[in-house]
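Visitor: Hi, could you walk me through this one before I start working with it?

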Amino acid sequence: MTTFDRRTVLKGAGLGLGGLALAGVPGFAQAAEKLKIGFVYVGPVGDFGWTYQHEVARQALQKAMDAEVETSYVENVPEGPDAERVIEGLVRAGNKLIFTTSFGFMEATVKVAKKYPDVKFEHCTGYKRADNLATYSGRFYEGRYICGQIAAKVSKSGVVGYIASFPIPEVVSGINAFMLGAQSVNPDMKVKIIWVNTWFDPGKEADAAKALLDQGADVIAQHTDSPAAMQVAAERGAHAFGQDSDMIKFGPKTQLSAIVNDWSGYYIERAKAVIAGTWTSTDTWGGLDSGLVVMAPYTNMPDDVKAMATATQKTIHDGSYKVFTGPVVKQDGTIAAKAGEVLPDGEILGMNWYIKGVDESLPK
Amino acid sequence: MSLVEAMLLTVITASTPLLIAAIGELVVERSGVLNLGVEGMMVMGAACGFAAAIASGSTAVGIVAGIAAGMAMALAFGVMTLVFAANQVASGLALTILGLGLSGLIGAGFVGLRRDPMPKLDLGGLTDIPFLGPVVFGQDAFVYASFALAGGVAWFLWRTRAGLKLRAIGENQASAHALGHPVIRTRFLAVLFGGGCAGLSGAYLSLAYTPFWVTGMTAGRGWIALALVVFSSWLPFRAVVGAYLFGAVSILQLYAQGAGVDVPSQLMSALPYLATIAVLVAISGARARGRAPGSLGIPFVPDR
């Protein structure tokens, strides 16, 4: 048996490195031609939610531009110091355009972007930019408004159950937009909110849905990533909205609609820009108008509700109605937006208050 | 159905996976092996159980597949730690990571599919008794299995000769070996049992609790089960108490939020862990009936 001493280890390492170098040579020759694009995912591709939709878009990008790009991804990257290591690894692997798909990757992306000025970075749902760092996100709250309207029409008990993840502005603005939509149909609509403090835990989401349904809600909305709540709603004969992806399979008679994230158009556009040399650092916050946010088909509702939802969608799509148009009154009575004026984007991005009609207190 | 009854039913479903996995790990640790791979075995059980149930159309096949997947992972763990005397902590952690990744691979073709949940017992008249009926007589097979396991393990460890030998091996492996007890074989069987329980617990998640598969759906329950074993002082009855305490507080905080109780939600989410710690402190003061098995975590190599 060979002894495990330094000589053997060095010999083995030398052979290994030599083999890798040989294997890498043909790879280098090819890489110069295709644009290498890397994706950093916060969750698993199989979550059927947030990360799943990014992966669907990545595959669409690869398919549409197969001759010009070579995409790869790393999934389950925790938000924190480890993210920096992963992003740098992608840079060193030759990727020239890198998408980091979660708010928590912000600091890591900023740091790596500073170190590599000739690599382009795109950070999803963030707000820090640089010459080589752009941001992009979706106006999901526009979809929430439509969902709120539908819920108010469909709900018999007048109570909506909302499964929320973390008390960050994106989630809070979603709740407020939902309730604004609901109040436009039924001013006395009530909402019960449960904060599960996780983006993804199917068991907990199912338990939260059960708790909400047991306490009088008959429509469930969620800002978490798994189809568990939809399934519970299906078992109990309630209604629910899907989140991130179309969850109709989990509730064929239950899903009213879903807010679906479609990033493929944006990804293709940005990849083309890099290849053409026209890429600049921008901040894209696309909603229903740009196709970043798509509503799943309206199902399981009477025709007049469907017509109302489609009409609202059209007004948001062509810009004639903007969600968060006043009057918007805060929970404490102060006026956030007067009648006819639209809440500025900055207010929405930093939203940390509930509108009047939401009777709970916001966790800090 | 009253709110209390509804809450109780939800508590039972939340506590069952923790109890099953904790009982399995309790046996493993009583034999002296520290298996940190429970999370990996659980998620493999969930993936394989769901995959087999979809492929065959039968829940029973799914359950068997889940148990088998857990046992297969446990076999690997057993070979590493008992045959090759590798470090048990490192091997367990490696298996957790392997399980999480492998389950994602196995389950990749099954994401987005759903099944009907496992049917619950329906004894007609008995199940219709208000309140007690559904709670006691209307559960699915997993819940009854979890209590049977707890009782069976307690009886085995304290009322049978084989159980006594297992505990002796866990307390002092050198003495047990000197007396001629088969240390490695007993530990191997215990590890397989623990892996099977973890796999069964995972199968419960993907076949009855939330009948679909998404990567990582165990969301840390394996680690909670490990903590519950320590909480229970390696005594099965206390494991039942621990699992239900944790499950109950987890569910109650959700209902409390839904009812509008004005406590910060982050504190509510921490409540199950705080409650468990508080109870642990309280019962540790009393006469300490349970101690860690003396040889827990120490590899056994007879001729060294």
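Guide: Sure, here is a short tour of the chains, their contact and the core.

Visitor: Any ground rules first?

Guide: This is a predicted model, where local features need pLDDT of at least 70, side-chain atom pairs count only at pLDDT 80 or more, and totals for chains, interfaces and linings use all residues. Residues are numbered from 1 along each chain as its sequence is written, while chains are lettered from A and ligands numbered from 1 in the order in which they are written.

Visitor: How many helices and strands are there in chain B?

Guide: Chain B has 12 helices and 0 strands. Helices here are DSSP runs of H or I with at least four residues, strands are E runs of at least two, and both are numbered from the N terminus.

Visitor: And what is the radius of gyration of chain B?

Guide: It is 20 Å, close to the 19 Å that the globule rule gives for 304 residues, so chain B is as compact as a globular protein of that length. The radius is taken over C-alpha atoms, and the rule is 2.2 Å times the number of residues to the power 0.38. Along the principal axes, the C-alpha atoms of chain B fill a box of roughly 60 × 50 × 40 Å.

Visitor: What share of chain B is buried?

Guide: Buried residues make up 50% of its 304 residues. Buried means 20 or more other C-beta atoms within 10 Å of a residue's own, exposed means 12 or fewer, and partly exposed is in between, with C-beta atoms placed from the backbone.

Visitor: Got an example? Why does Ile12(B) count as buried?

Guide: Ile12(B) counts as buried because it has 23 C-beta neighbours inside 10 Å. Ile12(B) lies in helix α1 (residues 3–30) of chain B.

Visitor: Which residues does Ile12(B) touch?

Guide: Not counting residues up to four places away in sequence, Ile12(B) touches Gln139(B) and Val143(B); contact means C-beta atoms, placed from the backbone, within 7 Å. Ile12(B) and Val143(B) are 131 residues apart in sequence, yet 7.6 Å apart in space, C-alpha to C-alpha.

Visitor: Switching topic: how many residues does the contact take from chain B and from chain A?

Guide: The contact takes 32 residues from chain B and 30 residues from chain A. On the side of chain B that touches chain A, α11(B) gives the most, with 5 residues. That side divides into 17 nonpolar, 13 polar and 2 charged residues. Nonpolar covers Ala, Val, Leu, Ile, Met, Phe, Trp, Tyr, Cys and Pro, charged covers Asp, Glu, Lys and Arg, and the others, Gly among them, are polar.

Visitor: How about the largest nonpolar core: how many residues?

Guide: That core has 182 residues, and those with the most contacts inside it are Ile220(A) and Ala22(B). A nonpolar core is a set of buried Ala, Val, Leu, Ile, Met, Phe, Trp, Tyr and Cys residues joined through C-beta atoms within 7 Å. The largest share of this core, 14 residues, comes from α9(B).

Visitor: Is α9(B) mostly covered or mostly uncovered?

Guide: Mostly covered, with 23 of its 27 residues buried. From first C-alpha to last, α9(B) reaches 37 Å, close to the 39 Å expected at 1.5 Å a residue, where the expected span is 1.5 Å times one less than the number of residues.

Visitor: And Ile220(A), what is that in contact with?

Guide: Leaving aside neighbours within four places in sequence, the contacts of Ile220(A) include Gly161(A), Ile163(A), Leu212(A) and Ala240(A).

Note on methods: Two residues are in contact if their C-beta atoms, placed from the backbone, lie within 7 Å.
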